[in-house]
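User: Please take a close look at the interior of this protein and at the secondary structure packed around it. I should like one connected account that I can follow with the model open beside me.

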Amino acid sequence: MFHMKSHLVYLTLLICCLFSCQEMETPSDFRMPGDHIIAGLFPIHSASQVKRRPEVTLCERSKIFNGHGYHLFQAMRYTIEEINNSSSLLPNITLGYELYDVCSKSSNVYATLSILSQPRGNHIKIPENFFSYYPKAVAVIGPSSSEMTSVSASLLSTFLIPQISYGATSTKFSEKAVYPSFLRTIPSDKHQVHSIVMLLKEFGWSWISVIGSDDDYGLEGVQMLENLVTEEDICIAHKDIVPISAQADDSTMQDMMLSLTKSGAKVVVVFSTRYAAHIFFNAVVLRNVTDKVWIATEDWSISSFITQVSGISRIGTVIGVAIPQRQILGMKEFEKAYAQAKKTSEPSTDPAQDGDDQICNQHLFFTTDIDTEITTFSMNSAYNVYTAVYSVAHGLHQLLGCPSGICTTGKIYPWQLLEEVKKVNFTLHGNPVSFNENGDPFSGYDIITWDWNGTNWTYKIIGAFTWFPVHLEIDETKIRWHKGKKQVPRSVCSEDCLAGEARRIMGLYHCCFECVPCPPGTFLNSSDQYLCHSCEKEEWSPEGSQTCFNRTIEFLTWHHPVSLVLMGANTLLLLLLAGVASLFARHLDTPVVRSAGGRMCFLMLGSLAGASCSPYCFLGEPTPLTCLLRQSLFALGFAIFLSCLTIRSFQLVIIFKLSAKMPTLYHSWVQNHGPKIFVVMSSTIQLLICIMWLVAWTPQPTKEYKRFPELVLLECSKGGSPGYVLSILYTWLLSVSCFTCSYVGKDLPENYNEAKCITFSLLLYFISWIGLATTSTVYYGKYLPAINALVIMSSLSGVFSGYFLPKCYVILYRPDLNTTEYFQASIQDYTQRCSSP
């Protein structure tokens with residue numbers, strides 16, 4: 001199996017040489033011998049045509065010279081020369097290099113296979129043990145793009161050859177299970193996407209368009225951006241990809257411009273290579289798409305290749321991420337010296353030789369008109385090459401035991417060097433250099449903005465982004481917004497809701513919404529702008545609230561002025577009852593007391609006194625005992641009083657109206673103690689009703705939450721239970737019976753005629769309870785217990801004053817009416833009136 005693979009690889013390389021390669025000049029610029037060889041892959045030219053046959057592109061035949069790639073090429077040559085001249089790094093070791101112009105995928109594949117071939121040979125032998133394989137180069141620097149790197153990294157990782165890229169940013173290369181020998185000196189796109197999202201959040205841009213290039217860099221970047229913005233409440237209004245074969249004036253790009261304008265997004269993220277971005281912005285200028293903020297990725301943010309697009313200064317504001325500025329001291333002088341040397345020398349015409357075989361090479365012969373001007377963008381990338389070569393050198397320094405003072409010589413294997421390169425940790429011109437477990441550097445980004453002064457372009461650093469720890473810092477005062485705006489442009493589908501207003505999504509995007517105030521009893525959590533959360537039971541909130549408040553516990557306290565007034569009035573009523581009882585006891589044998597009921601008056605006064613204790617139970621915090629007594633005590637006491645009053649009225653009717661007509665019935669009523677039996681039975685019925693009520697529907701202290709959103713009312717439960725209603729109905733039945741009997745005796749002698757007083761008393765009682773029922777339907781506050789107590793007091797005071805006070809008046813102020821003679825005269829007068837025709 002390995003034998004078959006060996007032949008296939010050998011055949012592939014051989015076919016490339018036969019059909020695509022020719023003998024050509026080999027300047028020493030691309031190859032330098034040394035104890036250990038480092039290979040470099042650089043895009044010195046750009047392929048200008050699409051291949052229709054599987055052959056290697058001859059980069060030197062391309063007419064498109066890539067100045068950026070040229071500077072990277074020179075950066076590696078300069079770095080190797082600097083290291084070889086160093087007395088502290090690899091002191092007795094000389095580094096050599098093999099440099100390749102990789103202007104296309106095919107040339108990149110050929111260069112990679114050439115690197116993998118064994119020294120002084122042009123074939124690749126698949127070994128049984130990869131740890132013993134020794135290729136031409138011990139490490140590889142490059143290539144520049146993620147797309148090119150995908151092929152080379154797959155091949156090099158198989159042989160565990162250290163590869164350090166200066167431009168491949170795809171996150172897939174961080175997967176060490178797939179690319180175990182890959183490292184890089186440029187940050188991963190994962191961090192770039194994170195920085196862009198934080199930039200969008202910093203300025204409050206939630207409605208954006210995204211444009212990508214049709215390659216690994218653009219497609220993966222757009223996908224990562226789409227995944228991350230979804231988590232951050234940012235919506236992509238329009239997404240598009242610039243095709244590889246696109247032209248600025250073709251229908252595809254014009255349709256893209258139309259969609260970009262219709263989206264309404266004021267912010268456009270262009271996650272693209274500089275070549276696709278160049279086409280895109282030509283189309284932007286052609287279509288006159290302006291008044292937007294363009295977010296640039298590091299591949300084109302400070303590239304003069306983009307700023308040279310005619311009319312690009314009018315497109316709006318450009319803000320982007322860029323690799324931090326770094327300088328290679330002496331690099332510019334090195335390139336100038338190189339160009340000067342080329343002008344004074346003739347190119348070599350000797351064919352390339354490697355052993356006994358002529359091989360095809362990708363080496364460029366530079367003419368004498370090389371433009372040595374290096375831009376900031378190219379210098380930053382060149383510094384990444386510079387760092388990559390130094391990382392390999394420091395790894396070799398450790399592997400060869402150089403810290404002891406003398407480096408060991410002899411053969412080393414790439415996998416050995418890989419382990420040391422992963423662990424390097426050094427400082428290069430004040431900048432720390434090391435790699436994390438994924439082979440990525442610990443560096444960040446500068447945040448830049450374009451600055452135009454007429455047709456002159458420059459950029460300003462307005463902030464920085466780091467991910468160890470994650471932090472974004474922006475100085476907004478340095479940004480000059482397009483059209484002279486002083487405030488940050490808005491790019492949202494819907495404006496932010498006011499405090500306490502939830503978002504109701506409209507349409508397909510969660511960024512497009514209408515604002516709805518949270519209803520009372522709910523609040524809007526700052527972590528969830530789409531849902532109003534209910535407050536806890538002990539909390540409340542008004543409409544449109546962002547938080548809940550603790551409810552106030554309400555009940556009628558003992559020291560409240562209303563409570564003090566009620567207690568004073570009720571105490572006065574009890575004192576009056578006690579005073580009347582004392583007065584009646586002293587005048588028990590007088591006609592007035594006997595006509596009022598005699599000893600039964602004390603039962604009536606006692607029942608009223610017991611019922612008068614009920615108002616106290618309505619004051620203060622409800623307890624189990626007060627809840628049991630507050631209504632039942634009044635119901636039982638008032639029922640006993642009404643029973644006595646009813647039988648008193650009924651007895652007067654019997655005495656004056658039925659005793660003569662039905663003497664037998666009258667004597668039976670008297671002999672069988674009818675009044676006492678009626679009072680006992682009537683009171684017992686009410687007692688049983690109260691017992692049933694308190695057992696079946698036991699009132700308990702409870703908290704009421706529904707009546708007032710901001711209050712918790714302490715009250716007694718089951719205030720309107722069937723047992724309570726039944727007791728009230730029975731009390732009303734006794735009241736009606738009492739009123740009927742007193743009305744029947746309205747023509748009795750004046751001393752016995754109590755119809756007016758009883759009617760007034762019961763009328764006050766009815767009005768009080770009708771008022772309570774009406775009030776209870778419209779008012780539910782903490783004063784409702786006070787109203788209950790007041791109704792009870794008014795009922796008791798009414799019957800007390802209507803029945804007992806007139807008799808007290810006679811006893812105290814009209815003793816002449818409290819005589820037997822006066823009462824007998826009244827009876828005789830009544831008898832004469834009844835007997836007269």
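Analyst: In this predicted model, 51% of the 837 residues of the protein chain count as buried, that is, with under 20% relative accessible area; over 50% is exposed and anything in between is partly exposed (1.4 Å probe, protein chains only). Local features are reported at pLDDT of at least 70 and side-chain atom pairs at pLDDT 80 or more, whereas totals for chains, interfaces and linings use all residues. Residues are numbered from 1 along each chain as its sequence is written, and side-chain values use heavy atoms, with hydrogens and water left out.

The protein chain holds 23 helices and 29 strands, taken as DSSP runs numbered from the N terminus (helices H or I, at least four residues; strands E, at least two). Of its contacts (heavy atoms within 4.5 Å) between residues at least 6 apart in sequence, 71% join residues at least 24 apart.

The largest nonpolar core comprises 59 residues; such a core is a set of buried Ala, Val, Leu, Ile, Met, Phe, Trp, Tyr and Cys residues joined through side-chain atoms within 4.5 Å. F584, F641, W769 and F804 have the most contacts inside this core, and helix α16 (residues 624–658) gives the most to it, with 10 residues. With neighbours within four places in sequence left aside, F804 contacts V580, F584, C601, M604, L605, L608, F641 and V799. Another core lies apart from this one and has 53 residues, including Y338, V392, F426 and L428. In soluble globular proteins, nonpolar side chains tend to be buried together.

Turning to the sheets, 8 strands form an open one in the order β10-β9-β11-β12-β13-β18-β19-β20, with mixed pairing; two strands pair if DSSP finds at least two bridges between them. Because β10 (235–242) and β20 (470–474) each have a single partner strand, these edge strands are each left with one side lacking a neighbour in the sheet. From one strand to the next, the twist averages 25°; angles run from 0 to 180 degrees between N-to-C directions, along axes fitted to C-alpha atoms, for helices over the stretch in contact. At one edge, β20 pairs with β19 (residues 456–467) in the antiparallel sense over 5 bridges, and V470 in β20 has W467 opposite it. Helix α5 (residues 189–202) runs at about 50° to β20 and lies across that strand as well as β9 (207–213), β11 (267–271), β12 (292–296), β13 (316–322), β18 (445–453) and β19.

A further open sheet has 6 strands in the order β1-β5-β2-β6-β7-β8, again with mixed pairing. Its edge strands, β1 (31–32) and β8 (182–184), each pair on one side only. Strands β6 (residues 139–141) and β7 (residues 163–165) run parallel and are joined by 2 bridges, with I141 opposite I164 in β7. Helix α2 (residues 67–84) packs on this sheet, touching β1, β2 (36–42), β5 (95–101) and β6, and its direction makes about 175° with that of β5.

M32 belongs to strand β1 and is partly exposed, with a relative accessible area of 26%. Residues up to four places away in sequence not counted, M32 touches I37, I80, N84, L95, G96 and Y97. Of these contacts, L95 is 63 residues from M32 along the chain, yet their C-alpha atoms are separated by 8.3 Å.
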